[in-house]
Amino acid sequence: MIKVNSGLIDKIKIDENFNASACFNCGTCSALCPVGFDILPRKLFRYVLLGDEEKILESTDQIFSCLLCRMCEEQCPHEVNITENIRLIRSYLAKSKLGV
Amino acid sequence: MSKVGAVLGILNDNFEKRKTVFSVSKESLTSWAKDLNIKKGTETIIYTGHMYQLMPITKSATSIYENFEESSLMNFAPVGRFINKFVDLSSMSKYAAKPEKKEEERFNKCLQNIYQLLKYAGVEAGYLYEDELYVGTLLYDNGIDEPLINQAKILNKILKNNFVKNIITVDPHTTHMLRKVYKKILPEFDYNVKNYIEVLFEKKIKPQNKLNMTLAIHDSCVLARYEEVIEEPRNLLKNAGVDCVEPELSRKLTHCCGGPIESLFPKKAKEIASKRANDLLSCSNVVTTMCPICLLNLKESTPAKDNFLDLSEILVKAYL
């Protein structure tokens, strides 16, 4: 069962550049990722769009392990602002969940 | 509080309270310029953003943290954050693992090289000395952007007071922050920002010596992908007689050095750096980098440390 936080997307989408909904889940972004995660970014964006806050919290270390190197964006066929999306998810976590 | 939260908290507290993430004395930050007679301020300035100067302490602090990363001592990280509010822990790291003198001299020399190259190109750049600020890349990348607005306002005032119009940056991260991020978070932050590599390329500087050497180029992710500075360093090197070779992943597809996560996950950062360093060394036994973070991470991930050179270290041999 998923506990959904319907207001989560509004807390994360504080910048017009946040476009997780443009991701069509193809997975091309992960092909050359130097860190080599299987969660980022397509699964992560689904969790955000669904409001699955628990899954996002479970992935905190992985979210902060992203290099923001934009290799993924070079591959993305749908111009998803992957690194800026991840940076804004970090911003939400830092402010609301990590006590920064 | 998680480990990530505690480490980011310490960095954030340092930035808010001490205007930087790692405390280094004003004297150390400006010592590179000591004998260069650089004017204070002026319309065009060189802006170091403290990045080259921070690398020696970054190296020593990371080596300490690497040993603790997976130990139970990390459970006390929140306590460390509490203490850090009163006692600057980052300044204590220099006692636990003192930055190497030769590293400080090397990174300072890179800055001197860059200043001298700009002078050779006919650019008389001033410098803000102790008024210069760290631009906060580490915080911004980790989603902590609110303290940056205040930093951008303070820096804007300093630049206005010094009549600055043109900023020449020396590292990719500061270039991106001042050219794109500060302008976005503070619209009146309106300066002509260029990386020194772009300036040297535009000035069409002529080499004094031809270098007969082959080297592998490591593009910085930020310079190549964020700022699209790709041909400029190649042109400067080729004009100097350098035969540039490139790994499979280069230019817009360059492979990260791992540096951006070294303060949170130093072991993972080293793994990534080691892979990249081996790819580069398989192309040539001399490798050039264009970012102090890339230089530090790549060289520290391999026994072939001396094979990694900052671009400025190559360019001075040809152009000065």
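This is a short dialogue on reading helices, buried residues and backbone angles in a predicted model.

Trainee: Let's start with a helix. How many residues does helix H13 of chain B have, and what span does it reach?

Mentor: Glad to begin there. A helix can be checked by setting its end-to-end reach beside an expected value. H13(B), residues 266-281, has 16 residues and reaches 22 Å from its first C-alpha to its last, close to the 22 Å expected at 1.5 Å a residue.

Trainee: Which residues of H13(B) are buried?

Mentor: They are B:Pro266, B:Ala269, B:Ile272, B:Ala273, B:Arg276, B:Ala277 and B:Leu280. These cover an arc of only 135° around the axis, so they sit on the same side of H13(B).

Trainee: I'd like to try that reading on chain A. Which residues of helix H2 are buried there, and what covers them?

Mentor: In H2(A), residues 42-50, the buried ones are A:Leu44, A:Phe45, A:Tyr47 and A:Val48. Their arc around the axis is only 155°, which puts them on the same side of H2(A). The cover over these buried residues includes helix H1 (8-12), helix H3 (53-58), helix H4 (60-65) and helix H6 (82-97) of chain A. Just after H2(A), A:Gly51 takes a positive phi of about 85°.

Trainee: Now a pair of helices. At what angle do the axes of H8 and H9 of chain B cross?

Mentor: For a pair, look at the axis distance and the crossing angle together. The axes of H8(B), residues 146-161, and H9(B), residues 172-185, come within 10 Å and cross at roughly 110°. Angles of 65 to 115 degrees count as roughly perpendicular, so H8(B) is roughly perpendicular to H9(B).

Trainee: Which residues make the contact?

Mentor: H8(B) brings B:Leu148, B:Ile149, B:Gln151, B:Ala152 and B:Leu155, while H9(B) brings B:Met177, B:Leu178, B:Tyr182 and B:Ile185. By class, this contact has eight nonpolar, one polar and no charged residues.

Trainee: What about a single residue, such as B:Ile217: is it buried or exposed?

Mentor: B:Ile217 counts as buried because its relative accessibility is 0%. Its place is in strand S4 (residues 213-217) of chain B. Beyond its neighbours within four places in sequence, B:Ile217 is in contact with B:Arg234, B:Leu237, B:Cys244, B:Val245, B:Pro247, B:Leu280, B:Thr288 and B:Met290. One of these, B:Leu280, we met as a buried residue of H13(B).

Trainee: And which residues does B:Asp145 contact?

Mentor: Leaving aside neighbours within four places in sequence, B:Asp145 is in contact with A:Arg87, A:Ser91, A:Lys95 and B:Tyr140. B:Asp145 lies in the loop between helix H7 (137-141) and H8 of chain B. With a relative accessible area of 15%, B:Asp145 is buried.

Trainee: One last feature: what should I keep in mind about the sign of phi?

Mentor: Most residues other than glycine have a negative phi. Here are two cases with a positive value. B:His50 has a phi of about 70° although it is not a glycine, and B:Phe163 has a phi near 60°.

Trainee: Where are those two, and are they buried or exposed?

Mentor: B:His50 is in the loop between strand S1 (44-47) and helix H3 (51-68) of chain B, and is buried, with a relative accessible area of 7%. B:Phe163 is found in the loop between H8 and strand S2 (166-169) of chain B, and is exposed, at 67% relative accessible area.

Definitions and conventions
Residues are numbered from 1 along each chain as its sequence is written. Chains are lettered from A and ligands numbered from 1 in the order in which they are written. This is a predicted model: local features need pLDDT of at least 70, side-chain atom pairs count only at pLDDT 80 or more; totals for chains, interfaces and linings use all residues. Side-chain values use heavy atoms; hydrogens and water are left out. Helices (H or I, at least four residues) and strands (E, at least two) are DSSP runs, numbered from the N terminus. The expected span of a helix is 1.5 Å times one less than its number of residues. Buried means under 20% relative accessible area, exposed over 50%, partly exposed in between (1.4 Å probe, protein chains only). The arc is that of the directions from the helix axis to the C-beta atoms. Axes are lines fitted to C-alpha atoms, for helices over the stretch in contact, and angles run from 0 to 180 degrees between N-to-C directions. Angles under 35 degrees count as roughly parallel, over 145 as roughly antiparallel, 65 to 115 as roughly perpendicular and the rest as oblique. Contact means heavy atoms within 4.5 Å. Ala, Val, Leu, Ile, Met, Phe, Trp, Tyr, Cys and Pro count as nonpolar, Asp, Glu, Lys and Arg as charged, and the others, Gly among them, as polar.
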